[in-house]
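The following note is offered to a colleague who is meeting this structure for the first time. Please read the numbered points with the sequence and the model in view.

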Amino acid sequence: MAGRFAPRPTRTTVRGGHVVVPGGAPGGAPGGVRGGVPRQAAEPGRARAWTPEGPLDLGLVLGPLRRGPGDPTFRTTPDGSVWRVSRTPAGPGTLRVALRGGEVRGEAWGPGAEWMLDRLPELLGAADDPDAFAPRHRLVALARHRRPGLRLLRTGLVMESLIPSVLEQKVTTDEAYRAWRLLVRKFGEPAPGPAPERMYVMPAPRTWALIPSWEWHRAGVDDKRASTILRAVRVAARLEEAVGLDPVRAQERLELVSGIGPWTSAEVVQRSHGAADSVTVGDLHLPGIVGYVLAGDRDADDAAMLELLEPYAGQRHRAARLILLAGRTPPRRTPKMPRGDIGRL
């Protein structure tokens, strides 16, 4: 039976950022009931067309934003669209993105619609420079050749990546995704516009701050992670200002909040800034995968990983993503970490 079934993805392999986007028919409309998408609202959304330079893979570019298959803020539909719900500085917004014949069409609804459409090219990697990357290993070069549509996204939003990253600290992927799903659905608000069913805008900072302790417990979030989120939302405005800083200074600002370390801050700026060099340290699996792929060392630690990635200085995050997308991981030697649920205690 060995090798018959593909292994379940870990948080690290998921962080490779590949989300399957169904191939829809050209010119597919956003409305209707196909694929679980409700009919178009009476008020039409705003729209924008944009033609990227070079190949673009929506599933690779936007994949890092999905927090599990049941993420209430992210959805792919059978017509080939990617739906994303955000809390922007202008208010909640729903964005639908589809790629047809080399042209991207974006449609948005809600108070944050204009904000989301204005930043659509950056979201899809327009500010990224993939040509700055020079492969130094055969497997990395092969992964890049097979994934020409990879671009590093830039959301321009901090809190929407910070909170789920804190939830992912030191727990299994399933636990973190479940907590995010339960909390957003219970305390968020329905997505504006004709979004697919059960899509929600994540709660505002004040709403996060008012979540009772027992609701954190029911979602499986321990006091340490909940306290970190509560400290972060109290200074949410200052943390959001970090999008105007370079990634290094942005990480330093995030790490001023107790409970946010290099692992969490790197996970945030990779998404908010499109930081090509912000490699994740302190991860349970990533050093071993990088060490195994580049040097045959499955026991590599952070120091060894950073040494192996040194030839990619300035592009270490992109190199790590390509290594993850190559699909080579060390054979498992221990049982999978058991899933815990403190909500049952």
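1. The protein chain contains 16 helices and 7 strands. The model is a predicted one, and the points below should be read accordingly.

2. Of the 345 residues in the protein chain, 50% are buried. The chain exposes about 16200 Å², and carbon and sulfur atoms supply 52% of that area. Among contacts with a separation of 6 or more, 70% are between residues 24 or more positions apart.

3. Helix H10 covers residues 223-234. Its end C-alpha atoms are 16 Å apart, which agrees with the 16 Å that its 12 residues should span at 1.5 Å a residue. At the N-terminal end of H10, Asp222 acts as a cap: one of its side-chain oxygens lies 3.0 Å from the backbone nitrogen of Lys224.

4. Which residues of H10 are buried? They are Arg225, Ala226, Thr228, Ile229, Leu230, Ala232 and Val233. These buried residues pack against four elements: helix H6 (159-167), helix H8 (205-209), helix H9 (213-218) and helix H11 (236-240).

5. Asp79 is located in the loop between strand S2 (74-76) and strand S3 (81-88). Is this residue buried or exposed? The relative accessible area of Asp79 is 18%; because buried means under 20%, the residue counts as buried. Its side chain makes polar contacts with two other side chains, that of Thr77 at 2.6 Å and that of Ser81 at 3.1 Å.

6. Strand S4 spans residues 91-100 and is mostly covered, with 9 of its 10 residues buried. On one side of the pairing scheme, S4 is matched with S3 in the antiparallel sense over 8 bridges. Ser86 has Gly93 in S4 as its bridge partner, and a hairpin of 2 residues joins S3 to S4.

7. S4 also pairs with strand S5 (residues 103-109), again in the antiparallel sense, over 7 bridges. Here Leu99 has Val104 in S5 as its bridge partner. S4 and S5 form a hairpin with 2 residues between them. Within that turn, Gly101 has a positive phi of about 60°.

8. For a second look at the model, two places may serve as starting points. One is H10, whose buried residues pack against H6, H8, H9 and H11. The other is S4, which pairs in the antiparallel sense with S3 and with S5.

Conventions
Residues are numbered from 1 along each chain as its sequence is written. This is a predicted model: local features need pLDDT of at least 70, side-chain atom pairs count only at pLDDT 80 or more; totals for chains, interfaces and linings use all residues. Side-chain values use heavy atoms; hydrogens and water are left out. Buried means under 20% relative accessible area, exposed over 50%, partly exposed in between (1.4 Å probe, protein chains only). Contact means heavy atoms within 4.5 Å. Accessible areas come from the Shrake-Rupley method with a 1.4 Å probe; for residues, only the protein chains shown count as cover. The expected span of a helix is 1.5 Å times one less than its number of residues. A polar contact is a pair of N or O atoms within 3.5 Å; within protein, one must be able to donate a hydrogen and the other to accept it, and residues adjacent in sequence count only if both atoms are side-chain atoms. Two strands pair if DSSP finds at least two bridges between them.
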